[in-house]
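Got the viewer open? Let's take a walk through this one together, one selection at a time.

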Amino acid sequence: MTEIQTKPATPDSLDTLRCRLCGEVTDAGPYHVCEHCFGPLEVGYDLESLRGTLTRELIRSRPTNLWRYRELLPIGTDPVGGHAVGWTPLLPAPRLGEALGIEDLWIKADSSNHPTQSFKDRVVAIALQRAHEFGIKVVGCASTGNLANSVAAQAAAAGLEAWIFIPEDLEPEKVTATGVHGARLVRIRGVYDDVNRLCAEVSDRFGWGIVNVNLRPYYAEGSKTVGFEIVEQLDWSLPANVVAPMAGGSLITKLGKSFREFGEVGLIDDGPKPRLFGTQAAGCAPIINALHEGESRVRPVREPKTIARSLAIGNPADGPFALQAMLDSGGWGEAVSDDEIVEGIRLLASLEGVFTETAGGVVVAGAARLAREGRFASDGPTVLCITGNGLKTPDAARSTFELGEPIEPRLSEVERLAEGM
Amino acid sequence: MSVKVRVPSALRKLTQGRSELEGKGGTVREVLDHVGRDNPELLARITEDGGEIRQFLNVFVNGTDIRYEKDLDTPVAEGDEVSIVPSIAGG
């Protein structure tokens, strides 16, 4: 068993963990669940003390990585890793916008995040920094793939032992991109929710730092940096609409938190916030189902069936909060078929040159539906969160083009092809 | 029917630190009621006023979520394992 220090040094702004449901306060230790009502614990900050001291100039003066927002992140000491994580491109997407009928469309391209080409690099950087501060030597995760890649890579760089628990049917590319880092890869016979339940028990039994279990309050805060960066990259202004994929529902919830916190510390006007739109694959859409049926409780999906395996969480931990984030912001959500996902991947790649994995296809296809329904506010930019790289799920894109027969290395052969065009 | 009940760390203050309890009964409800006799605070903590399991707790019988079976009326057999697991994890 790892001996865990429960009270690392903390900066003034990292205060406590507070239950999102009952408000019970506890110290900022390696726990994720309220002992009173089992609600999720969330990091609290003394935002008032940051007004006037956390300025745009101060942030601009710092390196272009996620630590530039460190006062709004739950870290207690100077970061020991993650120095190339975050600050991914925010790309104008006029050609895709024209195709989808969305004016002023932008792509937040976490598909080029470092080191493992997904937005999970952000949350893992925070979790491993916190693990370092707690004196934890063994880390791990339950993963649908992207998280596995990132924990394995960043643990390797930090010299930590990593135990990665995955469903046995994960895409081979994601398995390889995890195992190569030397992590202990444990395949589970079952779906992600089985893996997740097991990890909750593993965390209890072994005292390891499971990034999305007992380090989850800190891990989840890393998602806010997507929102922080969008605002800074739009020259300190808010978009009108943000579209995100939903698996466990944490990202969309934390996007809302990021915009609120920037307003509360005075970095932007504390006015109306962006509409938040969630997207899921139709074969695993527990949050969208609840949204469309007007339910406040999210009924789990027992056997997800979708090519978007990175979103195939049937029992989303933050489901109720994701629902609330969409509704409170005036947003909405949609679920899309596997065919629509593939078409979404094709559109983004062929119109904007960005190759995304299936989760990104869900976002593009979901945005297409939402645009047709007239759901977007038209008074500002719309940002699509593209959270993973297409090289992680290449099979999904294979049907998007035809590969002709090989030709002889003769100019006449190319002339023949050109004539046929 | 003797059934093992696994208790998460967040609840062990209510079970004198024990991570496993022995329960008896033919359904999950009966087993939890049985362990609740010796651990009344535990039972009160895991259920809502109407007697249902709290929103952010999941209960599993041999790894299967009881919401996919008959909720608290899910039958249990000798040697089964009932796990109480906070739902806030993963993603």
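**Start at Ala127(A)**

Keep in mind that this is a predicted model. Select Ala127(A) and show what surrounds it: beyond its neighbours within four places in sequence, Ala127(A) is in contact with Val211(A), Leu215(A), Tyr218(A) and Tyr219(A).

Now widen the selection to the largest nonpolar core, which has 153 residues. Ala127(A) is among the members that touch the most others, along with Val139(A), Val151(A), Ile164(A), Leu311(A), Val363(A) and Ala367(A). Colour helix H13 of chain A, residues 358-372, next: with nine residues, H13 supplies the largest share of this core. Nonpolar side chains tend to be buried together in soluble globular proteins.

**Zoom out to chain A**

Pull back and show chain A as a cartoon. You'll be looking at 15 helices and 13 strands. The radius of gyration of chain A is 21 Å, close to the 22 Å that the globule rule gives for 421 residues, so chain A is as compact as a globular protein of that length. Its C-alpha atoms fill a box of roughly 70 × 45 × 45 Å along the principal axes. Of the 421 residues, 57% count as buried.

**Helix H9(A)**

Select residues 250-264 of chain A to get H9, a helix of 15 residues. From first C-alpha to last, H9(A) reaches 21 Å, close to the 21 Å expected at 1.5 Å a residue. Is H9(A) largely enclosed or largely open? Eleven of its 15 residues are buried, so H9(A) is largely enclosed by the rest of the structure. The buried ones include Leu251(A), Ile252(A), Phe259(A) and Phe262(A), but also Lys254(A) and Glu261(A).

To see what does the covering, add helices H7 (216-221), H8 (224-233) and H11 (319-328), plus strands S10 (241-245) and S11 (275-281), all of chain A; these are included in the cover. Then step past the end of the helix to Gly266(A), which follows H9(A) and has a positive phi, near 85°.

**Over to chain B**

Show both chains. Here 28 residues of chain A are in contact with 19 residues of chain B. On the chain A side, helix H6 (residues 192-206) gives the most, with seven residues. That side divides into 13 nonpolar, seven polar and eight charged residues.

Last stop: strands S1 (residues 2-6) and S2 of chain B, which pair in the antiparallel sense over five bridges. Pick Lys4(B) and you'll find its bridge partner in S2(B), Glu22(B). Now turn on the side chains of S2(B), residues 20-24. Leu21(B) and Gly23(B) point to one face and are buried, while Glu20(B), Glu22(B) and Lys24(B) point to the other and are not.

How values were computed
Residues numbered from 1 in each chain as written. Chains lettered and ligands numbered in written order. Predicted model: local features only at pLDDT ≥ 70, side-chain atom pairs only at ≥ 80, totals over all residues. Buried ≥ 20, exposed ≤ 12 C-beta atoms within 10 Å, placed from the backbone. Helix = DSSP H or I, 4+ residues; strand = E, 2+ residues; numbered from the N terminus. Pairing = 2+ DSSP bridges. Core = buried A, V, L, I, M, F, W, Y, C linked by C-beta atoms within 7 Å. Contact = placed C-beta atoms within 7 Å. Nonpolar A, V, L, I, M, F, W, Y, C, P; charged D, E, K, R; others polar. Rg over C-alpha atoms; globule rule 2.2 N^0.38 Å. Expected span 1.5 Å × (residues − 1).
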